[in-house]
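This report looks at one sheet and at a set of charged side-chain pairs. Please keep the sequence and the model in view while reading.

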Amino acid sequence: MAKKKTLAPPKGAKKGKNFPLSKDPFFSSESRKRRKIVDDEIESGESDEDNGFVGAEDVEFEEETADEKRKRVASEYLEKIREIARREKEREDKEKDEDESDDEGEKDSLVAQILQQEQLEDSGRVRREIASRVQNPVASDEFQLLVKHRQSVTAVALSEDDSKGFSSSKDGTILCWDVDSGKGEKYQWPSDEALRLHGAKDPQGRATRHSKVTLSLAVSSDGRYLASGGLDRHVHIWDTRTREHIQAFPGHRGPVSCLTFRQGTSELFSGSYDRTVKIWNVEDRAYINTLFGHQSEVLTIDCLRKERLLTVGRDRSMQLWKVPEESRLVFRAPASSLECCCFISNDEFLSGSSDGSIELWIALKKKPVYIVRNAHPSSLSCSNLELKENGAIPNGCMGNGDANHNTSHSSSAYSWVSSVSVCRNSDLAASGAGNGSVRLWALTSDKKDVRPLYDLPLVGFVNSMTFAKSGRFVVAGVGQEPRLGRWGRIPAARNGVAVHPLKLS
């Protein structure tokens, strides 16, 4: 039999004794070459520090992870809330003339109250009571024309801090203006070559160039992006800081009639005449998904912080889209076509119809829980309308006026509810038409009804409307013609953006 070979012990080892392998340099865990590299790295790090190179803390801040960034942003926001709480306490101490030292426990409790209140308002579980605080407007309080346009205004939007406003018109003009001074700056459309470089496709059909007629606007919550859509079937993205065009999203096969950003995100929703709703990510310049369901043109769209989308179309339906679940709820209008809609909360909605009525909806019922008929009576029928003692229009008392066959249109075209708006997380709403006034409404959540407050005179078609977040003023986009057509005309109207202050008690 062959003898088994055994490894010879290294030199210096005594025979007859077991030699541990750990002492053998061949089996050592770290070689001399590796130890030398580590030593060189340590020495080089010390020399970098001496020579004034970027330290480890700066590199770590530049290459922070997503969790670290969220933590840093949350800390900055918390510090901002603490500063607001400190100013609030200083103001209260000044009013009471009390010379007391600052109590950190009171500050923290005030910060917690502010954060809790903001969270409840954002989730829609708490509604601010503003309608009862609105004072009766006096003669001096009226709509003031802040910005002028050559043609009818089609859309208005406000920034998150209510300091800047944006408006568009049928002549393709997009303006950015200051709310206090009214000073405006015009957005310049790029050339056709630049549009193609930004992603735009060639015009389809009989069109030979891109149409600049803009029908809708939306501004992101952080104020960085402005989205516009119109007859050229593209969604255009603008940088609000430089007022430059940065991206064009193709994909729609019809005019883009409505746009909205999801609050607190860069997620954009667009509705079109092609009966679809598309989802985009503006930050990543990417297309996400397409929602199908409407059987006719999509006219209005709205979204809050939750991933729920509200749309109305000419198919006499309002649809609530639950985007993560890929499901939708369909609400049918009782009579005519729905023209506009908006969220009151995540489970309550307000809509306006072409028959002049305003509907209040809840997510648990497929039919309106309350209807205000003849909400905007035309001038031909106002003389025959009997008001109640509190100034409310009786529901279903009459239609919107008789058709005048001697003219090219009927009086009902002026009483179509073309826009509705709700002050965010509050019980104050407004509606506009072409009958010469904007109406303020109070929404009661316990009784589920809509009460009229005041009429604000304004001549022209109110094609778009929005409230300031604080409820201190309301902005209306007015034109001589309706937003989506020319079935009516009011020559006495002035095309532009009008602002009406609201005094709160």
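The text below takes up the sheet and then the salt bridges.

The model is a predicted one, in which local features need pLDDT of at least 70 and side-chain atom pairs count only at pLDDT 80 or more, while totals for chains, interfaces and linings use all residues. Residues are numbered from 1 along each chain as its sequence is written, and side-chain values use heavy atoms, with hydrogens and water left out.

**The sheet**

Four strands, in the order E22-E23-E24-E25, make up an open sheet with antiparallel pairing. Strands here are DSSP runs (E, at least two residues), numbered from the N terminus, and two strands pair if DSSP finds at least two bridges between them. Because strand E22 (419-422) and strand E25 (449-457) each have a single partner strand, they stand at the edges, and one side of each is left without a neighbour in the sheet.

At the E22 edge, four bridges join E22 to strand E23 (residues 428-432), and valine 422 has alanine 429 in E23 as its bridge partner. These two strands form a hairpin with five residues between them, and asparagine 425 in the turn has a positive phi of about 55°. Ser419 and Ser421 point one way from E22 and Val420 and Val422 the other way, yet all are buried (under 20% relative accessible area, with exposed meaning over 50% and partly exposed in between, for a 1.4 Å probe and protein chains only).

At the other edge, strand E24 (residues 437-444) runs antiparallel to E25 and is joined to it by seven bridges, with leucine 443 standing opposite valine 450 in E25.

**Salt bridges**

The structure holds 15 salt bridges, each defined as a side-chain nitrogen of Lys or Arg within 4 Å of a carboxyl oxygen of Asp or Glu. Three of these pairs are listed here with their N to O distances.

| Pair | N to O distance |
|---|---|
| Arginine 224 and glutamate 283 | 3.7 Å |
| Arginine 439 and aspartate 455 | 2.7 Å |
| Glutamate 481 and arginine 489 | 3.3 Å |

Arginine 439 lies in strand E24 and aspartate 455 in strand E25, so this salt bridge ties together parts that are 16 residues apart in sequence. Arginine 439 is buried, with a relative accessible area of 5%, whereas aspartate 455, at 43%, counts as partly exposed.

Glutamate 481 is buried at 12% relative accessible area, while arginine 489 is partly exposed at 45%. Both belong to a network of salt bridges that links Lys170, Glu481, Arg486 and Arg489.
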